[in-house]
Amino acid sequence: MTTQRVWLTPAGHERLQQELHTLQELVNAATDEDANTLDVQRARQARIHEIHELLGNAVVGEDPPDDGIAEPGMVLTVSYDDDPDDTETFLLGVRGAEVGDLEVYSVDSPLGTAIAGARPGETRTYQVPSGATVQVTLVSAVPYGMHHPTVAG
């Protein structure tokens, strides 16, 4: 099994550490032995393991190169189905480590898998759960630390 490095913002890293601490306290404080409690404890242990894996493989706040290539740690703007007005901007990173109002897509998601490695102007396709094929074009890819969100005024 190869270990894939995961990109996290400092805020996302902190949130995962806080969640881990809370889950560990809940597991340590549990005293009931009924089946429902055991199922909850197993789910908590599984999440603890998942967070340990994420944190152990995390690259925290280190921006990827500003080369315009879609990769983890980049804020991507894409357009859908050849409609330049139908755009979406999101962080390619780790789900569960969201940053403010910026949506996060995992590299393992259908969109993340399709767009990873793309250069601006490059079009890719991917299949959504309904079975439909979606065409997406990378408009831009900027390192997270250089991204300046639009402020509503």
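Accessible areas come from the Shrake-Rupley method with a 1.4 Å probe, and on that basis the accessible surface of the chain comes to about 9,000 Å², of which 51% belongs to carbon and sulfur atoms. The views below all show a predicted model.

**View 1. The whole chain of the predicted model, with its 3 helices and 7 strands.** Followed along the sequence, these elements appear in the pattern β-α-α-β-β-β-β-α-β-β. The chain has 153 residues, and 37% of them count as buried. Among the contacts in the chain with a separation of 6 or more, 55% are made by residues 24 or more positions apart. The mean pLDDT of the chain is 82, with 84% of the residues reaching 70 or more. Among the elements, strand β1 (residues 6-8) has the lowest mean pLDDT, at 74, whereas strand β6 (residues 123-127) has the highest, at 94.

**View 2. Helix α1, residues 10-29, seen with its buried and exposed residues.** At 1.5 Å a residue, the 20 residues of this helix should span 28 Å, and the end C-alpha atoms are 29 Å apart, which agrees with that expectation. The buried residues of α1 are Gly 12, His 13, Leu 16, Leu 20, Leu 23 and Val 27. Because these residues cover an arc of only 100 degrees around the axis, they lie on the same side of α1. On the other side of the helix, Pro 10, Asn 28 and Ala 29 are exposed.

**View 3. His 13 in helix α1 and its surroundings.** His 13 has a relative accessible area of 17% and is therefore buried, the cut-off being under 20%. When residues up to four places away in sequence are not counted, His 13 touches Leu 8, Leu 55, Ala 58 and Val 60.

**View 4. Leu 55 and Arg 47, two residues of helix α2 (residues 35-56).** Leu 55 counts as buried because its relative accessibility is 19%, which falls under the 20% cut-off. Apart from residues up to four places away in sequence, Leu 55 touches Leu 8, His 13, Leu 16, Gln 17 and Leu 20. The C-alpha atoms of Leu 55 and Trp 7 are separated by 9.8 Å, although the two residues are 48 residues apart along the chain. Arg 47, with the same exclusion of residues up to four places away, touches Leu 16, Glu 19 and Leu 23. From Arg 47 to Glu 19 the distance is 9.4 Å in space, C-alpha to C-alpha, and 28 residues in sequence.

**View 5. The largest nonpolar core, with 17 residues, and another core that lies apart from it.** Within the largest core, the residues with the most contacts are Leu 76, Ile 115 and Leu 138. The elements that give two or more residues to this core are β3 (74-80), β4 (83-93), α3 (110-115) and β7 (133-143). Apart from this core lies another, of 12 residues, among them Leu 20, Val 27, Ile 48 and Leu 55. Leu 20 and Val 27 also appear among the buried residues of α1, and Leu 55 belongs to helix α2.

**View 6. Leu 138 and the residues in contact with it.** Leaving aside its neighbours within four places in sequence, Leu 138 is in contact with residues that include Gly 68, Ala 70, Leu 76, Thr 77, Val 78 and Ile 115. The contacts of Leu 138 also include Ala 118, Arg 119, Pro 120, Gly 121 and Glu 122.

**View 7. Gly 68 in the loop between β2 (58-60) and β3.** With a relative accessibility of 12%, under the 20% cut-off, Gly 68 counts as buried. Once its neighbours within four places in sequence are left aside, Gly 68 is in contact with Met 74, Ala 118, Arg 119, Pro 120, Leu 138 and Ala 141. One of these contacts, Arg 119, is 51 residues away from Gly 68 along the chain, and the C-alpha atoms of the two residues are separated by 6.1 Å.

Notes: Residues numbered from 1 in each chain as written. Predicted model: local features only at pLDDT ≥ 70, side-chain atom pairs only at ≥ 80, totals over all residues. Heavy atoms only, no water. Helix = DSSP H or I, 4+ residues; strand = E, 2+ residues; numbered from the N terminus. Expected span 1.5 Å × (residues − 1). Buried < 20%, exposed > 50% of the residue type's maximum accessible area, 1.4 Å probe, protein only. Arc of directions from axis to C-beta. pLDDT = per-residue confidence, 0-100. Core = buried A, V, L, I, M, F, W, Y, C linked by side-chain atoms within 4.5 Å. Contact = heavy atoms within 4.5 Å.
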